[in-house]
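Thanks for making time this morning. I'll put the chain up now, and then we'll walk through a handful of local features.

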Amino acid sequence: MEIYVVKSGDTVDSIAESYGIPVSSVIFNNQLVYPYPLAVGQALLLSSGESLEPSYPAWVNGYAYPFIQRDVLNETLPYLSSLSVFSYGFTTDGDLIPPTLDDSFMIDAALMEGVRPVLTLTPLGPDGNFNNALITAVVNDEVAKENLLNDLLATVQAKNFGGVDIDFEYIRPEDRIPFADFVADVRNFLSPYGYHVSVALAPKTSDTQAGLLYEGKDYGLLGEAADSVLLMTYEWGYTYGPPMAVAPLNKVRQVVEYAITRIPPSKIDLGIPNYGYDWTLPFVQGMSRATTVSNQEAVRIAIEAGVPIQFDETAMSPFFRYEKNGQQHEVWFEDVRSYQAKFSLLPEYDLRGMGYWQIMRFFRPNWLLLADTFQIQRP
């Protein structure tokens, strides 16, 4: 695979001709839509020659909600090692709460493809937000914890899950050790039955990093407690924050470099975003709210606005500005250049693999590039 950046005057036909490849290949690889307009600065993935068999093994996880479109799920599964169903909750008494929608079709589809289905456990309250009081209640109560462990085992056995992913956020600082003990308890309880236990980690860069996202997550303790960890290396650019890359490479690298001092790299998965944001300018803290866009949608916006896509060489991320209805907008998203930069961190730091948040929208160039770069591992 080769990455080509569109220049002024380029067309799908002219690009295909210059590389001696079929026009249909350019269209397919990049999910282009008739009449196949392009934006200056748009990155295209081209099948320009015979590929060598990739040598670096990588575990690839994708998170998905039970309302995922079935064709999106089926197109994505061949590129995954595991599928994390988002999500299962619990009560203060440790009673497991399944998703509102039936997730059986996701589990069945994953198993048919040889992909490990994973139960994602979250402390989401009725309002859909992370509830740290719920975390406190369970990780400090042996009776509730035992009830939750038994419910988890019964559920993964009954529904044919292959593991549990623990995604707790905003953990109170005083629950740092009880939470790590909880993760260890889940692993010790499920491991004899062959189940894999992972834990999601907020993107820290030091032991003493302040903030409710970070203080309750002890990288060293959690690295010991779980079979593997996911570094949530995304959301620097987020809904209520200022315009910036979702996963700037310089920031991601800082997290990885700290993480490998506390956790064996063979246990670490790198978080990968599959989305971008569109901000209305000027940004006003506490008032502005960005709109989530897919990577394809971002390119369509640039094409319709007639603006070039730029590329930040520090963040290694594409972005652009445009005007609509008299208002300026700024868009940051992901393309094959930004994915290639993130992929390079795996062999550089000997990481286990990666985890996508999330796979609800199918972005074929990413998956083709991934398959061209890594040996995708299977359970």
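Start with methionine 316, in the loop between strand E13 (310–312) and strand E14 (317–324). Its phi is positive, about 55°, although methionine 316 is not a glycine. Keep in mind that this is a predicted model. Most residues other than glycine have a negative phi, and most peptide bonds are trans.

Asparagine 160 is another case. Its phi is near 70°, again positive in a residue other than glycine. Where does asparagine 160 sit? In the loop between H6 and E7, just after H6 ends. Buried or exposed? Neither in full: asparagine 160 has 46% relative accessibility, so it counts as partly exposed, since that class runs between 20% and 50%.

Now the cis peptide bonds. One runs from phenylalanine 86 to serine 87, with omega near -5°. Note that the second residue there is serine, and that serine 87 belongs to strand E4. Another cis bond leads from leucine 281 to proline 282, with omega near 0°. Proline 282 is in a loop, the one between strand E11 (276–280) and strand E12 (291–293).

Back to H6, because asparagine 160 comes just after this helix. H6 covers residues 142–159, which is 18 residues. From first C-alpha to last, the helix reaches 26 Å, close to the 26 Å expected at 1.5 Å a residue. At its start, a side-chain oxygen of aspartate 141 comes to within 2.9 Å of the backbone nitrogen of valine 143.

Which residues of H6 are buried? Ala144, Lys145, Leu148, Leu149, Leu152, Leu153, Thr155 and Val156. Notice the lysine in that list. Look at the spacing too. An α-helix has 3.6 residues a turn, so residues three or four places apart point the same way. Leu148 and Leu152 are both in the buried set, and so are Leu149 and Leu153.

What do these buried residues pack against? On the strand side, E4 (82–90), E5 (96–97), E6 (116–121) and E7 (163–166). On the helix side, H5 (132–139) and H7 (176–190). E4, you'll recall, holds serine 87 from the cis bond.

Take the H7 partner in detail. H6 and H7 pack at an angle of about 40°, and their axes are 10 Å apart. The two helices are therefore oblique to each other: the cut-off for roughly parallel is under 35 degrees. Their crossing is right-handed. From H6, the residues at the meeting are Lys145, Leu148, Leu149, Asn150, Leu152 and Leu153. From H7, they are Phe182, Asp185, Val186, Phe189 and Leu190.

A second helix pair: H11 (residues 336–343) with H13 (residues 364–373). Here the angle is about 35°, and the axes are 10 Å apart. This crossing is right-handed as well. H11 brings Val336, Tyr339, Gln340 and Phe343. H13 brings Pro365, Asn366, Leu369, Leu370 and Thr373.

Hold on to threonine 373. Leucine 52 and threonine 373 are 321 residues apart in sequence, yet 9.3 Å apart in space, C-alpha to C-alpha. Leucine 52 lies in the loop between strand E2 (43–46) and strand E3 (56–64). Leucine 52 is exposed, with a relative accessible area of 76%, because the class begins over 50%.

Next, tyrosine 275. Find this residue in the loop between strand E10 (268–273) and E11. At 5% relative accessibility, tyrosine 275 is buried, because the cut-off for that class is under 20%. Which residues does tyrosine 275 touch, leaving out those up to four places away in sequence? Tyr234, Glu235, Val246, Thr292, Val293, Asn295, Phe333, Glu334 and Trp357. Two of these deserve a number. The side chain of glutamate 235 makes a polar contact of 2.7 Å with that of tyrosine 275. Phenylalanine 333 is 58 residues away along the chain, with 6.1 Å between the C-alpha atoms.

Last stop, glutamate 257, in helix H9 (residues 249–259). With a relative accessible area of 39%, glutamate 257 is partly exposed. What joins it to tyrosine 349? A side-chain polar contact of 2.6 Å. Along the sequence, glutamate 257 and tyrosine 349 are 92 residues apart, and their C-alpha atoms are 8.2 Å apart in space.

Key: Residues numbered from 1 in each chain as written. Predicted model: local features only at pLDDT ≥ 70, side-chain atom pairs only at ≥ 80, totals over all residues. Heavy atoms only, no water. Helix = DSSP H or I, 4+ residues; strand = E, 2+ residues; numbered from the N terminus. Buried < 20%, exposed > 50% of the residue type's maximum accessible area, 1.4 Å probe, protein only. Polar contact = N/O pair within 3.5 Å; in protein donor to acceptor, adjacent residues only side chain to side chain. Expected span 1.5 Å × (residues − 1). Contact = heavy atoms within 4.5 Å. Axes fitted to C-alpha atoms, helices over the stretch in contact; angles between N-to-C directions. Parallel < 35°, antiparallel > 145°, perpendicular 65-115°, else oblique. Left-handed = near helix turned anticlockwise from the far one by under 90°.
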